[in-house]
Amino acid sequence: MVARPLERPFNVQEPAIAARPGQDYNGAMTHHITKKQPNSHFCFACGLHNQFGLKARFYETAGGELVGLFRPAQEHQGYPGRLHGGLISTILDEVLARAIMIGGGTETWGVTAELNVRFKKPIPLDADCRV
């Protein structure tokens, strides 16, 4: 999994214009969204009422994948203008935990026993990100 800034906003309501099957006109991958997973109130990753949280949204796709969307803010900074590495790990952990719920209900829960992350490049703040 790689967290990367979006080339353009990822709009789940409006289908992308495909230049090639599976890609939009900017070359980014497109997804057919089948379900939005629920958000929590105060979870740091997805809590909508956590003023310092990532407020990530998660969507299941027709291909059985999970897409997470979020926009890091200044409060999430590590080095100036860059998302803190611990928060990158947090969003990856959230995606992995939610992936087990694909196609099922919200009654299935998992916890992380171990997480090892190798960072490839920094993620800028104030840019839409897709995981």
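Glu-94 and Arg-98 sit four residues apart in helix H1, about one turn of the helix. That spacing matters for reading a helix: an α-helix has 3.6 residues a turn, so residues three or four places apart point the same way. Here the two side chains form a salt bridge, with the closest N and O atoms 2.9 Å apart. Both Glu-94 and Arg-98 are buried. The model is a predicted one, and the sections below work outward from this pair.

The helix itself passes a simple length check. With 15 residues at 1.5 Å a residue, H1 should span 21 Å, and its end C-alpha atoms are indeed 21 Å apart, so the two values agree. Glu-94 and Arg-98 have company in being buried: the buried residues of H1 also include Leu-87, Ile-88, Ser-89, Ile-91, Leu-92 and Val-95. What covers them? Strands E5 and E6 are part of the cover over the buried residues of H1.

Strand E5 is itself mostly covered, with four of its five residues buried. On one hand, E5 pairs with E4 in the antiparallel sense, over three bridges. Within that pairing, Ile-33 has Thr-61 of E5 as its bridge partner. On the other hand, E5 pairs with E6, again in the antiparallel sense, over four bridges. Phe-58, for instance, stands opposite Gly-68 in E6. E5 and E6 make a hairpin with four residues between the strands, and in this hairpin Gly-64 takes a positive phi near 75 degrees. As background for looking at these strands, side chains in a regular strand alternate between the two faces of the sheet.

Back to charges. How many salt bridges does the structure hold? There are three, and the pair in H1 is one of them. The idea behind such pairs is simple enough: side chains of opposite charge can pair when their charged atoms come close. A second salt bridge joins Glu-60 to Lys-35, with the closest N and O atoms 4.0 Å apart. Glu-60 belongs to strand E5 (residues 57-61) and Lys-35 to strand E4 (residues 33-36), so this pair ties together parts that are 25 residues apart in sequence. The two partners are not equally covered: Glu-60 counts as buried because its relative accessibility is 5%, while Lys-35, at 31%, counts as partly exposed.

The remaining salt bridge to describe is between the side chains of Asp-128 and Arg-71, at 3.0 Å from N to O. Asp-128 lies in the loop between H1 and strand E7 (129-130), and Arg-71 in the loop between E6 and H1, so the pair ties together parts that are 57 residues apart in sequence. Both ends have some access to the outside: Asp-128 is partly exposed at 25% relative accessibility, and Arg-71 is partly exposed at 42%.

Gln-77 is also found in the loop between strand E6 (66-70) and helix H1 (85-99). Is Gln-77 buried or exposed? The label is partly exposed, because its relative accessible area is 33%. A polar atom of the Gln-77 side chain lies 3.0 Å from the backbone nitrogen of Gly-81. Setting aside residues up to four places away in sequence, Gln-77 touches Arg-82, His-84 and Leu-125. As for the helix that follows the loop, Gln-77 and Leu-87 are ten residues apart in sequence, and their C-alpha atoms are 9.0 Å apart in space.

Another loop residue worth a look is Asn-50, placed between E4 and E5. Asn-50 has a relative accessible area of 15%, so this residue counts as buried. Its side chain reaches the backbone nitrogen of Phe-52 at 3.0 Å. Apart from neighbours within four places in sequence, Asn-50 is in contact with His-41, Phe-42, Cys-43, Phe-44 and Lys-55.

Finally, a word on confidence. The mean pLDDT of the chain is 81, and 76% of its residues reach 70 or more. Which stretch stays under 50? That is residues 4-27, for which the model has 41 contacts beyond four places in sequence. Those contacts call for some caution: where pLDDT is low, the predicted coordinates should not be read in detail.

Notes. Residues are numbered from 1 along each chain as its sequence is written. This is a predicted model: local features need pLDDT of at least 70, side-chain atom pairs count only at pLDDT 80 or more; totals for chains, interfaces and linings use all residues. Side-chain values use heavy atoms; hydrogens and water are left out. Helices (H or I, at least four residues) and strands (E, at least two) are DSSP runs, numbered from the N terminus. Buried means under 20% relative accessible area, exposed over 50%, partly exposed in between (1.4 Å probe, protein chains only). Contact means heavy atoms within 4.5 Å. A polar contact is a pair of N or O atoms within 3.5 Å; within protein, one must be able to donate a hydrogen and the other to accept it, and residues adjacent in sequence count only if both atoms are side-chain atoms. pLDDT is the predictor's confidence in each residue, from 0 to 100. The expected span of a helix is 1.5 Å times one less than its number of residues. Two strands pair if DSSP finds at least two bridges between them.
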